[in-house]
Amino acid sequence: MLTFDDGYLDNYQVVAPILEKYGFPATFYIVTDKVGTPEYMSWDQIVELDRKGMDIGSHTATHRDLVTVDAAGLQTEVSGSAESLKAHLG
């Protein structure tokens, strides 16, 4: 099982073509509030990976240290990320 955390742009530019070349699936865990910022994938790139058969997973909204977050913050980090992925990926 291959996994890649955070949604860095090099996952799309470097890793995905190698995975596709050799037919390996992988899971990309996305920090949704960082999508489209410098050094991170865009939503179009994430959707493309999803459509090519890669798994896309939630890696929180902002990548806060969850040990230090209260219950409301946990809800925002986890649910907010999942809702954002669902809105973009269906």
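This is a short chat about a predicted model, its sheet, its core and a few single residues.

Visitor: What kind of model is this, and how are residues numbered?
Guide: The model is predicted: local features need pLDDT of at least 70, side-chain atom pairs count only at pLDDT 80 or more, and totals for chains, interfaces and linings use all residues. Residues are numbered from 1 along each chain as its sequence is written, and side-chain values use heavy atoms, with hydrogens and water left out.

Visitor: Let's start with the sheet. What order do the strands take?
Guide: Three strands form an open sheet in the order 1-2-3, and the pairing is parallel. Strands (E, at least two residues) and helices (H or I, at least four) are DSSP runs, numbered from the N terminus. Two strands pair if DSSP finds at least two bridges between them.

Visitor: Which are the edge strands?
Guide: Strand 1 and strand 3; each pairs on one side only. From one strand to the next, the twist averages 20°.

Visitor: How many bridges link strand 2 and strand 3?
Guide: Four, in the parallel sense. Ile30 stands opposite Ser58 in strand 3.

Visitor: What does helix 3 touch on the sheet?
Guide: Helix 3 packs on the sheet, touching strand 2 and strand 3. Its direction makes about 150° with that of strand 3. Such axes are lines fitted to C-alpha atoms, for helices over the stretch in contact, and angles run from 0 to 180 degrees between N-to-C directions. Contact means heavy atoms within 4.5 Å.

Visitor: Which residues of helix 3 are buried?
Guide: Gly73, Glu77, Ser81, Ser84, Leu85 and Leu89. Buried means under 20% relative accessible area, exposed over 50%, partly exposed in between (1.4 Å probe, protein chains only). Their cover includes strand 2 (27-30), helix 2 (43-51) and strand 3 (55-58).

Visitor: And just after helix 3, what does Gly90 do?
Guide: Gly90 takes a positive phi of about 85°.

Visitor: New topic. How many aromatic pairs are there?
Guide: Two. Rings of Phe, Tyr and Trp (its six-membered ring) pair if their centres lie within 6.5 Å; planes under 30 degrees apart count as stacked, over 60 as edge-to-face and the rest as tilted. Phe4 and Phe28 are stacked, 5.3 Å centre to centre, with 20° between the planes. Phe4 lies in strand 1 (residues 3-6) and Phe28 in strand 2, so the pair ties together parts that are 24 residues apart in sequence.

Visitor: Is Phe28 buried or exposed?
Guide: Phe28 is buried, at 0% relative accessible area.

Visitor: What about Tyr8 and Tyr40?
Guide: That pair is stacked too, at 4.9 Å centre to centre and 25° between the planes. Tyr8 counts as partly exposed at 31%, while Tyr40 counts as buried at 14%.

Visitor: Back to Phe28. Which core residues touch the most other members?
Guide: Phe28, Ile30, Ile46, Leu49 and Ile56, out of 15 residues in the largest nonpolar core. Helix 1, strand 2, helix 2 and helix 3 each give two or more residues to this core. A nonpolar core is a set of buried Ala, Val, Leu, Ile, Met, Phe, Trp, Tyr and Cys residues joined through side-chain atoms within 4.5 Å.

Visitor: Last one. Which phi does Asp6 have?
Guide: Asp6 has a positive phi of about 90° although it is not a glycine. Most residues other than glycine have a negative phi. Asp6 is found in strand 1 and is buried, at 12% relative accessible area.

Visitor: Where is Thr60 found?
Guide: In the loop between strand 3 and helix 3. Thr60 has a positive phi of about 75° and counts as buried at 11% relative accessibility.
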